[in-house]
Amino acid sequence: MSEKLEPACGAWLGIWPRTRADGTMSVDLGANLASLEERLGRRIDLVSRYYGWGQEFPDAWDRQWRDGNRILLIDLRARNFSTNTYVSWRSIADGEHDEYLARLGARMRDFGAPVFFSFNQEPEQELEKGTRVAGTAADFAAAYRHVREVFARAGARNVVWVWWIMGYLGHTGWYHALYPGDRYVDWISYDPYDFNSCKGGGHETPEQSVMPFLTWLTASGIGSGKPVMLSEFGSNGTDRHDWYAGLGDVVKKAPRIKAIVSFNSNPGGCDTRVTNSESNWRGFAGLAADPYFRQRG
């Protein structure tokens, strides 16, 4: 494993532990992860966390998972989750929130272990609503750079920086402006899904879900040579064993992909829980049993 958390071979396997092993949704993420790992019979390499603006992190769960030899993927969104109000990216770039960011940077430094960090994952969500919500694509890139600079001044050298986007080909016109620049980004990350019927479409193969954006990314020159993470993945439905098994095959054929993270949840009617059926669980468990996705023993 490199200092940027790139495994020497294979890929990290991660999850957002939004359910227990029986598929029940729960906000007790610590108990959820323990249940999932007990059913799998192994430790998960990578655990994702979603934080809103104003929250303090890392928290007790993060520290517990760190102490259990797991890696954290932490995202900070420029939106207050309690009030659903946005902080403008330009105000962040202009230093108006540096006291808060410096405090977070110090907390990340004191975490004392390598950690993946993302600023405002999937910024396309805000851009789809218009630039008055959070700002322009250029504002996002400027804010991302500023957050990294504040963390660096706080001494958070253990932070590995992830540029986390949707990876939707309909938004490729935004990506060059959204990209903060190679010196600010360590990993490129995107979220391939097979949404099928929950968004009125047909089923996609894992290759159809994963490869179009990776092909575009390579041709675009953005982040050339940087490792890639699938920071959310999933397939809507209850008979998805073959989709998850096929996902493993696709990732093995794309060695630039060095980490994959299951979005084990059911937001907005798109049910991507690996725990929502025996079929889905067998598919995910097959990934977990594959040595290619078993980095930490």
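Colleague: How many aromatic pairs does the structure hold, and what makes two rings a pair?

Modeller: This predicted model holds 28 aromatic pairs, where rings of Phe, Tyr and Trp (its six-membered ring) pair if their centres lie within 6.5 Å, and planes under 30 degrees apart count as stacked, over 60 as edge-to-face and the rest as tilted. Local features need pLDDT of at least 70, side-chain atom pairs count only at pLDDT 80 or more, and totals for chains, interfaces and linings use all residues. Residues are numbered from 1 along each chain as its sequence is written, and side-chain values use heavy atoms, with hydrogens and water left out.

Colleague: What makes the pair of Tyr51 and Phe57 stacked?

Modeller: The centres of Tyr51 and Phe57 are 4.7 Å apart with 25 degrees between the planes, and planes under 30 degrees apart count as stacked, so the name applies.

Colleague: Why is the pair of Tyr175 and Phe213 called edge-to-face?

Modeller: The planes of Tyr175 and Phe213 stand at 75 degrees, with the ring centres 5.6 Å apart, so the pair is edge-to-face.

Colleague: Why is Arg273 called buried?

Modeller: Arg273 has a relative accessible area of 16%, and buried means under 20% (exposed is over 50%, partly exposed in between, with a 1.4 Å probe and protein chains only), so Arg273 counts as buried.

Colleague: Which backbone oxygen does the side chain of Arg273 reach?

Modeller: The side chain of Arg273 reaches the backbone oxygen of Gly23 at 2.8 Å.

Key
A polar contact is a pair of N or O atoms within 3.5 Å; within protein, one must be able to donate a hydrogen and the other to accept it, and residues adjacent in sequence count only if both atoms are side-chain atoms.
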